[in-house]
Amino acid sequence: MSFLAIDIGNTRLKWALYAGPQPGSPVLHQGAVFLETIDDLADGPWKGLPEPTTMLGCDVAGDAVRRRVEEQLELWDVEPRWVVPGTHDGGVTNGYDHPNRLGADRWVSLVGARRRVLAEVGPGGTPRPALVVMVGTAVTVDALDAEGRFLGGLILPGFGMMLRALELGTAGLKVPTGDVVDFPTNTSDALMSGGSSAIAGAIERQHRKLMQRTGAEPLLYMTGGAAVKLAPITELRFETVDSLIFDGLLAIQAHRLAL
Ligand SMILES: Nc1ncnc2c1ncn2[C@@H]1O[C@H](COP(=O)(O)OP(=O)(O)O)[C@@H](O)[C@H]1O
Ligand SMILES: CC(C)(COP(=O)(O)O)[C@@H](O)C(=O)NCCC(=O)O
Ligand SMILES: [K+]
């Protein structure tokens, strides 16, 4: 009953083959490729993999990319299935004005985060609110209350986008990025520190607002390719969960198959 989870972002496609379609199932194989190379998946990373029995993916890179991935999936006799955010799943209530317009990766990461929130509840304890930060091509900062309601979230440019915008929009910022320091004294450090502070500032603001809204100290989960860049610069306690989206896909698939 092996299960293939696929996360198509705007920069990279991440995939993982699990022994079964339920949370906690061991990973058999996994990988990440840049979108430019997804037409080589069947002949490349996926060649020789055991055939997945079922598959579930989330795609935020558009229908054309999804169709190219479905062509690669023809390597196997597996039915491509893609998450469309609904009003409820995995204990999460979707508070978006139009639930199905929420990015599928955001929705799936919220489901993955809610599982972790519930797993952290001690005996006689109550679930905590959570902030879910995805640091990818864009950055999202999403808030879950203690009951698992998705209250809403921010979208802001990711590191790469911010730096490219500055480089394209100015004459003097075509320099490599530097380090994150408190008071940058060169252009490279100023760029890296500025980008990091913008993202960390958004996270700290939402953390404070969620705490005020719920009266409890939120858990903070970070995921995404660039989460590692952000790690050193926020005073907040957070947990980096590289597999958060896959955790959500496993939970949703397990729920689907149990119906
Ligand atoms: N191996 C890598 N090479 C280059 N950039 C990377 C790599 N891994 C992560 N990144 C950084 O993270 C972003 C892509 O992370 P990812 O979570 O895959 O984004 P998305 O889900 O939007 O495709 C890039 O914008 C880049 O800043
Ligand atoms: C915000 C995103 C672009 C993030 O995508 P990513 O950075 O992971 O490639 C994606 O979640 C998306 O396309 N959302 C749809 C719009 C919304 O969530 O309101
Ligand atoms: K993503």
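This briefing describes how two ligands are held in a protein model. The model is predicted, so local features are given only at pLDDT of at least 70 and side-chain atom pairs only at pLDDT 80 or more, whereas totals for chains, interfaces and linings use all residues. Residues are numbered from 1 along each chain as its sequence is written, chains are lettered from A and ligands numbered from 1 in the order in which they are written, and side-chain values use heavy atoms, with hydrogens and water left out.

**Ligand 1**

- The residues around ligand 1, each with a heavy atom within 4 Å of it, include Gly9, Asn10, Phe34, Gly136 and Lys229.
- By class, this shell has two nonpolar, seven polar and three charged residues, where Ala, Val, Leu, Ile, Met, Phe, Trp, Tyr, Cys and Pro count as nonpolar, Asp, Glu, Lys and Arg as charged, and the others, Gly among them, as polar.
- Polar contacts with a ligand are pairs of N or O atoms within 3.5 Å, and one of them joins an oxygen atom of ligand 1 to a polar backbone atom of threonine 11 at 2.8 Å.
- Polar side-chain atoms also approach oxygen atoms of ligand 1, with lysine 14 at 2.7 Å and threonine 137 at 2.5 Å.
- The protein covers 71% of the 560 Å² of accessible area that ligand 1 has on its own, an area that comes from the Shrake-Rupley method with a 1.4 Å probe.
- Because domain 1 (3-82) and domain 2 (88-244) both give residues to its shell, ligand 1 lies between them; the domain bounds come from an automatic or database domain assignment.

**Ligand 2**

- Ligand 2 is surrounded by 13 residues, and the closest are Asn10, Tyr96, Asp105, Arg106 and Ala138.
- These shell residues divide into five nonpolar, five polar and three charged, and at least three come from each of domain 1 (3-82) and domain 2 (88-244).
- Helix 2 (104-119) and strand 8 (138-144) each supply at least two residues of the shell, with helices (H or I, at least four residues) and strands (E, at least two) taken as DSSP runs and numbered from the N terminus.
- Backbone N or O atoms of glycine 103, at 2.9 Å, and of alanine 138, at 2.8 Å, lie by an oxygen atom of ligand 2, while a side-chain N or O atom of aspartate 105 is 2.8 Å from an oxygen atom of this ligand.
- Of the 470 Å² of accessible area that ligand 2 has on its own, the protein covers 78%.

Key:
Polar contact = N/O pair within 3.5 Å; in protein donor to acceptor, adjacent residues only side chain to side chain.
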